[in-house]
Structures are given as structure tokens and as C-alpha cells.
Amino acid sequence: MYVCNCNGVRQREVESAIAAGAANPRQVLAHHGHQPCCGQCLPEIAACIGASRACRQEEASLVAAD
Ligand code: FES
């Protein structure tokens, strides 16, 4: 499924960019050699970044509780 239709960036590519350290939507697109065009995908990419951060924080708290 495409997240960014302008650049043909898929969900898994967004996730790989986040895993590689992309901290905002522009960095996610830049990781794959793109830049925003219409900007419609930026809120969705930002939500993916937020969800990834929340997941990592939850994992860290579970490890700390052990
Ligand atoms: S859908 Fe990503 S820039 Fe247009």
C-alpha cells in the first residue's frame, strides 16, 4: 500500500526509514531520495513516526520492569 502517492513510497519503506533514524516526514522521504510534493502524506507519515516511538517506549518500559 502506498503512503505517498506522489513518490510511490510504500508503508514498509516508511517503516525502514524510521528504523534507520528518520525523525520527521521529510527525513522519511529523503531517506528514499524523495521530497514532499503535495504534502498530503505528511500527517500519515508523522503518525507512523509517533506510533513507532510509542512502541519503542513501551518496549523500553517492559524491559526496565524485568
Ligand atoms: S502524497 Fe506524499 S507528497 Fe504527495
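Where is the place of Asn7 in the chain? Asn7 sits in the loop between β1 (2–4) and β2 (9–10). This report begins with the chain as a whole and then returns to that residue.

The structure is a predicted model, in which local features need pLDDT of at least 70, side-chain atom pairs count only at pLDDT 80 or more, and totals for chains, interfaces and linings use all residues. Residues are numbered from 1 along each chain as its sequence is written, and side-chain values use heavy atoms, with hydrogens and water left out.

**The chain as a whole**

The chain contains 3 helices and 2 strands, and along the sequence they follow the pattern β-β-α-α-α. Helices (H or I, at least four residues) and strands (E, at least two) are DSSP runs, numbered from the N terminus. Along the principal axes, the C-alpha atoms fill a box of roughly 45 × 20 × 20 Å.

Of the 66 residues, 24% are buried. Buried means under 20% relative accessible area, exposed means over 50%, and partly exposed lies in between (1.4 Å probe, protein chains only). Among contacts between residues at least 6 apart in sequence, 41% join residues at least 24 apart; a contact means heavy atoms within 4.5 Å.

**The nonpolar core**

A nonpolar core is a set of buried Ala, Val, Leu, Ile, Met, Phe, Trp, Tyr and Cys residues joined through side-chain atoms within 4.5 Å. The largest one has 14 residues, and those with the most contacts inside it are Val14, Ile18, Val28, Leu29, Cys41 and Ile45. Two or more residues each are given to this core by β1, α1 (11–19), α2 (25–31) and α3 (42–65). Helix α3 supplies the largest share, 4 residues. Not counting residues up to four places away in sequence, Cys41 touches Val3, Cys4 and Leu29.

**Four residues compared**

The table lists the accessibility of four residues.

| Residue | Place | Relative accessible area | Class |
|---|---|---|---|
| Asn7 | loop between β1 and β2 | 17% | buried |
| Asn24 | loop between α1 and α2 | 29% | partly exposed |
| Glu44 | helix α3 | 34% | partly exposed |
| Ile49 | helix α3 | 4% | buried |

Asn7 counts as buried because its relative accessible area is 17%. Apart from neighbours within four places in sequence, Asn7 is in contact with Leu29, His34, Gln35 and Cys37. The side chains of Asn7 and His34 also make a polar contact at 3.5 Å. A polar contact is a pair of N or O atoms within 3.5 Å; within protein, one must be able to donate a hydrogen and the other to accept it, and residues adjacent in sequence count only if both atoms are side-chain atoms.

The side chain of Asn24 has a polar atom 3.1 Å from the backbone nitrogen of Arg26, and a polar atom of this side chain lies 2.8 Å from the backbone nitrogen of Gln27. Between the C-alpha atoms of Asn24 and Ala54, 30 residues apart along the chain, the separation is 15 Å.

With neighbours within four places in sequence left aside, Ile49 is in contact with Ile18, Ala23, Asn24, Pro25 and Val28. By the same exclusion, Glu44 is in contact with Met1, Val3 and Gln11. Glu44 and Pro25 are 19 residues apart in sequence, and 8.6 Å separates them in space, C-alpha to C-alpha.
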